[in-house]
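Open the model in your viewer and keep the selection tool at hand. The stops below follow one another, and each begins with something to select.

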Amino acid sequence: MPPKPKKFICTFCRSKVDHIDYKDAATLAQYITYYRSIQSRFHTGICLKHQKRLSNAIKKARFMGLLPFVRYEK
Amino acid sequence: MKKYELMAIIANDLDEKKAVSQVKESLADKITEQKGSVTFEDFWGAKGFAYKIHGQKWGYYVVLQFELDPENLSELEREWNIDPKVVRFLVSKVDPRAGDPVTQAERVKEMEAQKKEDEIAEMEAETKKAASVKKAKSEDAASKTEEKDSEGKKDAVDKKLDQILDDASLDL
């Protein structure tokens, strides 16, 4: 038998966060990749409800210059 | 009346005092002009952008919460789009799930406190680990001494047996 895959628990569910704030850039920055794209749910283990809210928050933060769109800029 | 939240970037060709007065002039006053009321105001101060906006690298951030009739919002947005001192703005509905509005200074403080707590917890965990390792080591040593003791006892019993067997006075 191969070892069972590790079960992820949504970090927002665990800390009982209901509303994800787009102004809190430090928390949002944990969920973007090396090239500054939004990290997929597959890798972070976040539930669908929170992933939708998180991605909206990241997009708002990007528009206001709190988070980058891309890693490299000309 | 609906609750809205506005985040705006003020142009960086002003100094900080002028930027604060500019916020009042071009944001708060215009909201009250449209029969709205500002319920929360938080001036973040100068902050760098994650990327260049209109060739600029930084600006003054401000967050306002206000109540307004939805019909008047489009007029406000039109004015802010024209205003050269408002570099960029974002109006969003206040999430009913969100609690009381928090200022940026409080948010930063909370984050730092959380970091310290985490560090302390980590340190405690490490010391506990070290203590448990020490305990395990001492237990190992104790068990070894016990083994030695039992070996010594065995030797003693063997000797006694030999003595008894060697004793010629006993008829077996």
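## First stop: a histidine in a hairpin

Select B:His54 and count its surroundings: 11 C-beta neighbours lie inside 10 Å, so this residue counts as exposed, the limit being 12 or fewer. Bear in mind that this is a predicted model. Where does B:His54 sit? Its place is the loop between S2 and S3 of chain B. B:His54 is not a glycine, yet its phi is positive, at about 55 degrees. The hairpin of S2(B) and S3(B) has two residues between its strands.

## Second stop: the sheet of chain B

Now select the strands on both sides of that loop. S2(B) and S3(B) run antiparallel and are joined by 11 bridges. Find B:Ala46 in this pair: B:Tyr60 in S3(B) stands opposite.

Widen the selection to the whole sheet. What is the order of its four strands? The order is S2-S3-S1-S4, all in chain B, and the sheet is open with antiparallel pairing. Go to the edges next. Strand S2 (37–53) and S4 of chain B each have a single partner strand, so one side of each is left without a neighbour in the sheet. Look along the sheet to see the twist: neighbouring strands are turned by 20 degrees against each other on average, direction ignored.

Then select S1(B). Nine bridges join S1(B) to S3(B), in the antiparallel sense. S1(B) also pairs with S4(B), again antiparallel, over seven bridges. Pick B:Leu6 and look to both sides. Opposite B:Leu6 in S3(B) is B:Leu64. Opposite B:Leu6 in S4(B) is B:Val91.

## Third stop: the nonpolar core

Keep B:Leu6 selected. B:Leu6 is among the residues with the most contacts inside the largest nonpolar core, along with A:Ala61, B:Ala8, B:Ile10 and B:Val62. This core has 32 residues. Which elements each supply at least two of them? From chain A, select helix H4 (48–63). From chain B, select strand S1 (2–10), helix H1 (16–33), strand S3 (56–68) and strand S4 (86–93).

Centre the view on B:Ile10. Leave aside its neighbours within four places in sequence. B:Ile10 is then in contact with B:Ala19, B:Gln22 and B:Val23, with B:Gly59, B:Tyr60 and B:Val62, and with B:Lys85, B:Val86 and B:Val87.

## Fourth stop: where the chains meet

Colour by chain and select the residues in contact across the boundary. On chain A there are 15, and on chain B there are also 15. Recolour the chain A side by class. Seven of its residues are nonpolar, two are polar and six are charged.

## Fifth stop: chain A

Hide chain B. Chain A has four helices and zero strands. Along the sequence, its pattern is α-α-α-α. Its C-alpha atoms fill a box of roughly 50 × 30 × 15 Å along the principal axes. Of the 74 residues of chain A, 24% count as buried. Turn on its contacts with a separation of 6 or more: residues 24 or more positions apart account for 71% of them.

Now select A:Arg36. This residue is in the loop between helix H2 (25–28) and helix H3 (41–44) of chain A. A:Arg36 has a positive phi of about 70 degrees, although it is not a glycine. Is A:Arg36 buried, partly exposed or exposed? It is partly exposed, because 17 other C-beta atoms lie within 10 Å, while burial needs 20 or more.

## Last stop: chain B as a whole

Hide chain A, show chain B and zoom out. Its secondary structure comes to three helices and four strands. From the N terminus on, the elements run β-α-β-β-α-β-α. The radius of gyration is 38 Å, well over the 16 Å that the globule rule gives for 172 residues, so chain B is more spread out than a compact globule. The C-alpha atoms of chain B fill a box of roughly 125 × 35 × 25 Å, taken along the principal axes. Of its 172 residues, 13% count as buried. Finish with the contacts of chain B that have a separation of 6 or more: 76% of them are between residues 24 or more positions apart.

Technical notes
Residues numbered from 1 in each chain as written. Chains lettered and ligands numbered in written order. Predicted model: local features only at pLDDT ≥ 70, side-chain atom pairs only at ≥ 80, totals over all residues. Core = buried A, V, L, I, M, F, W, Y, C linked by C-beta atoms within 7 Å. Contact = placed C-beta atoms within 7 Å. Nonpolar A, V, L, I, M, F, W, Y, C, P; charged D, E, K, R; others polar. Pairing = 2+ DSSP bridges. Axes fitted to C-alpha atoms, helices over the stretch in contact; angles between N-to-C directions. Rg over C-alpha atoms; globule rule 2.2 N^0.38 Å.
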